[in-house]
Amino acid sequence: MKNRVSIVLMVSLFLLGTVTMAAFAAEKGLAGKDKDFIKKAASGGMMEVELGQLAQSKAQSQEVKDFGSRMVTDHGKANEELKTLAQQKNVTLPTKLERKHKSMVDKLNKASAAEFDKKYMSDMVKDHKHDVEDFRKATQKVKDPEVKAWAEKTLPVLEQHLQQAQELATKVGAKVK
């Protein structure tokens, strides 16, 4: 009987320790760099949707309008997936654009109709170059397997966006760096 009580007590303590460690791990959450990647991707995705909506209404070229529509659709979908992932990982996403993203939106919003297509496509090339680079790094450096899988799934779409943006920038005569 004494051995049975000791075994039950040992098992209970083991289970309590396991539950406590699991709770601590859940509270600790993601590595700082993983969180930073999620937040940066969320802010960039919000900007892409906002600029895509602006392009749909302000662009002169139907191809640029269509590109804007694709940005709204693709980045909107990626944003929703990221939002779900962030909730699972207890990461609070930004609710408004970062200053640099807000500045880009404001600048394009003020662009004349005649200049909008060139400026928008130039910005889309530059932004997607950065996005592709950030997502490639993330696929190598992110520690969390679900965050890494999301980055790996999203990267090919961003690469397509970059290619399409480069082609359209050339068509509309945008300066691309």
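How much space lies in the largest pocket? The largest pocket holds about 350 Å³ of space. This briefing concerns a predicted model, in which the protein chain has six helices and zero strands. The topics below are the overall fold, the nonpolar core, the salt bridges, the largest pocket and the largest cavity.

**Overall fold**

- Read along the sequence, the protein chain shows the pattern α-α-α-α-α-α, and the count of strands is zero.
- The protein chain contains 177 residues, and buried residues make up 38% of them.
- Among contacts with a separation of 6 or more, 76% are accounted for by residues 24 or more positions apart.

**The nonpolar core**

- In soluble globular proteins, nonpolar side chains tend to be buried together.
- In this model, the largest nonpolar core has 43 residues, and L51, Y120 and M121 are those with the most contacts inside it.
- Five helices each supply at least two residues of this core, namely α2 (32-58), α3 (62-88), α4 (99-110), α5 (113-141) and α6 (145-172).
- Helix α6 gives the most to this core, with 10 residues.
- Which residues does M121 contact, leaving aside its neighbours within four places in sequence? M121 is in contact with V64, F67, A165, L168, A169, V172 and A174.

**Salt bridges that link distant parts of the chain**

- A search of the whole structure finds 10 salt bridges.
- One of these joins K40 and D134, whose closest N and O atoms are 2.9 Å apart.
- Because K40 lies in helix α2 and D134 in helix α5, the pair ties together parts that are 94 residues apart in sequence.
- Are K40 and D134 buried or exposed? K40 is partly exposed, with a relative accessible area of 40%, and D134 also counts as partly exposed, at 21% relative accessibility.
- The side chains of K171 and E63 meet in another salt bridge, with a distance of 2.8 Å from N to O.
- This pair links distant parts of the chain, since K171 is in helix α6 and E63 is in helix α3, 108 residues apart.
- K171 counts as exposed, at 59% relative accessibility, whereas E63 counts as partly exposed, at 39%.

**A salt bridge within one helix, and a network**

- R70 forms a salt bridge with D74, and the closest N and O atoms of this pair are 2.8 Å apart.
- Why are R70 and D74 separated by about one helical turn? The reason is that R70 and D74 are four residues apart in helix α3.
- R70 counts as partly exposed, at 25% relative accessibility, and D74 counts as partly exposed, at 23%.
- K89, D144 and E146 are linked in a network of salt bridges.

**The largest pocket**

- The largest pocket is lined by 21 residues, and about 350 Å³ of space lies in it.
- Of the lining residues, K40, G44, H101, D127 and D131 lie nearest the centre of the pocket.
- The elements that give two or more residues to this lining are α2, α3, α4, α5 and α6.
- By class, the lining of the largest pocket divides into seven nonpolar, seven polar and seven charged residues.
- K40 thus has two roles in this account: K40 lines the largest pocket, and K40 forms a salt bridge with D134.

**The largest cavity**

- How many cavities of 30 Å³ or more does the structure hold? The structure holds one such cavity.
- The largest cavity has a volume of about 30 Å³.
- The residues D74, H75, A78, T154, V157, L158 and H161 line the largest cavity.
- The elements that give two or more residues to this lining are α3 and α6, and α6 gives the most, with four residues.
- By class, the lining of the largest cavity has three nonpolar, three polar and one charged residues.
- D74 appears in this lining, and D74 is also the partner of R70 in a salt bridge.

Definitions and conventions: Residues are numbered from 1 along each chain as its sequence is written. This is a predicted model: local features need pLDDT of at least 70, side-chain atom pairs count only at pLDDT 80 or more; totals for chains, interfaces and linings use all residues. Side-chain values use heavy atoms; hydrogens and water are left out. A nonpolar core is a set of buried Ala, Val, Leu, Ile, Met, Phe, Trp, Tyr and Cys residues joined through side-chain atoms within 4.5 Å. Buried means under 20% relative accessible area, exposed over 50%, partly exposed in between (1.4 Å probe, protein chains only). Contact means heavy atoms within 4.5 Å. A salt bridge is a side-chain nitrogen of Lys or Arg within 4 Å of a carboxyl oxygen of Asp or Glu. On a 1 Å grid over the protein atoms alone, a cavity is a set of points where a 1.4 Å probe fits but cannot get out, and a pocket is an open set with protein on both sides within 12 Å along at least five of seven lines; lining residues have an atom within 4 Å of a point. Grid points are joined across faces, edges and corners, and a volume is the space filled by probe spheres set on the points. Ala, Val, Leu, Ile, Met, Phe, Trp, Tyr, Cys and Pro count as nonpolar, Asp, Glu, Lys and Arg as charged, and the others, Gly among them, as polar.
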